[in-house]
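Here are some notes to read alongside the structure, set out as numbered points. I start from a single residue and work outwards to the whole chain.

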Amino acid sequence: MVILVPELTFLTGLSNLQRSSRTVKEVMWEMLQSPQQHYQRLTGLLRRIRDTPEASQELQRWGLHLDVDIHRTQGHILPTERINLRHRSFFPDEELSWHREATKEVPILAIPMNSWLLVYPKRLQQLAKDLVAAVRSTCGAMGMQVGLPTVQELWDDRIESYVKSIRSSLGSQEKVQLLLCIIPRNRDDLYGAIKKLCCVQTPVPSQVISAQSLMGHPGKIRSVVQKVLLQINCKLGGQLWGVDIPL
C-alpha cells in the first residue's frame, strides 16, 4: 500500500473517463488565459474575500489586510521578434501565434518523405485512406513532398500485433524515413511500446496518431494533419522557422 499526503500530491493528466472533448476544452480554457483574464480573476477573488464576513474576520484575527487591487510596477516590454520563413518574414499577432503562417508558407528547410510506413488496424482502413489523402493534399502548401506509404494492416489492436508487424516491416525494407501508426484511442501502454521499439530497439523516427483525433468534420482532420506534418518535418531534420539572433 502506498499512502500519499494529499497536500503534497498534484493531479497530472486526465483518465480516459475524464478525457472527453468538453472536459479538455474546459481545462485548456483555465490554462490558456490572457494576462487581462488573470488580472480580472485575481481582483475578483480579492473582492470576494473583502465582501465575505467570515473571510474578513479571519484576516482581522490574524492582523492581515488585503488590498482590493494587485500591486502595479513598471515592466520592461521586449520588442516583438520577427519570424523568418524561407520566402518571407513577419511579426506574430498579439497572441504570439504563427500556426496559420507556418502551415501555409514554405519552411526554411523541408525534407521530402518518399519512404514511410503506415500501420493501422484493419477496422480503421477508411480512416487511414482519408489520412493519406489529407497528407498528400496538404503537404504542398507547406513545402513538403510526400509520397505514398507502404501500408501494413493489422487484424487487431493488441500491443503484440503492432510490435511484431513494425519489427517485421522495418526489417524487410532498406530505408524507412518515418513510421506512422494509427491507434484506436489514447493508450499509454501501446504508445509506450511503439516508442520503445522505435527509439531503442529499432531506431527510426515515428509518429503516433489517435483515431479519435481524426474523427469529425473534414476541417478537423486537415487541422490535425497540418500539425502532424510540422512535427514530422522536424523529426526528419527539417527547419520550420527561425528568428534573428544578432551579435
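1. Let's begin with Q207, which lies in strand β6. Please keep in mind as you read that this is a predicted model.

2. Is Q207 buried or exposed? Its relative accessibility is 5%, and buried means under 20%, so Q207 counts as buried.

3. Which residues does Q207 touch, once those up to four places away in sequence are set aside? The list is L179, L180, C181, K195, V228, Q231, I232 and K235. K195 is worth picking out, as it also appears among the buried residues of helix α7.

4. That brings us to α7 itself, which covers residues 188-201, 14 residues in total. From its first C-alpha to its last it reaches 18 Å, close to the 20 Å expected at 1.5 Å a residue.

5. The buried residues of α7 are L190, A193, I194, K195, L197 and C198. If you want to see what covers them, look at α6 (159-172), β5 (178-183), β6 (206-210) and α9 (218-235), which are included in that cover. The strand that holds Q207 is therefore part of the cover over the buried residues of α7, given that contact means heavy atoms within 4.5 Å.

6. Helix α6 deserves the same kind of look. Its end C-alpha atoms are 20 Å apart, and this agrees with expectation because 14 residues at 1.5 Å a residue should span 20 Å.

7. On the buried side of the count, α6 has S161, Y162, V163, S165, I166, S169 and L170. The cover over these residues includes β3 (116-121), β4 (150-154), β5 and α7. Note that β5 is also listed in the cover for α7.

8. Now for the whole protein chain, whose secondary structure comes to nine helices and seven strands. Of contacts between residues at least 6 apart in sequence, 70% join residues at least 24 apart.

9. What about overall dimensions? The radius of gyration is 24 Å, whereas a compact globule of 247 residues would have one near 18 Å. Along the principal axes, the C-alpha trace spans about 75 × 55 × 40 Å.

10. Finally, burial, surface and charge. Buried residues make up 34% of the 247 residues. The chain exposes about 17,200 Å², with carbon and sulfur atoms supplying 57% of that area. There are 30 positive and 23 negative side chains, and the centres of these two sets lie 8 Å apart.

Notes:
Residues numbered from 1 in each chain as written. Predicted model: local features only at pLDDT ≥ 70, side-chain atom pairs only at ≥ 80, totals over all residues. Heavy atoms only, no water. Helix = DSSP H or I, 4+ residues; strand = E, 2+ residues; numbered from the N terminus. Rg over C-alpha atoms; globule rule 2.2 N^0.38 Å. Buried < 20%, exposed > 50% of the residue type's maximum accessible area, 1.4 Å probe, protein only. Areas by Shrake-Rupley, 256 points an atom, 1.4 Å probe, with all protein chains shown as cover. Lys, Arg positive; Asp, Glu negative; His and termini not counted. Charge placed at Lys NZ, Arg CZ, Asp CG, Glu CD. Expected span 1.5 Å × (residues − 1).
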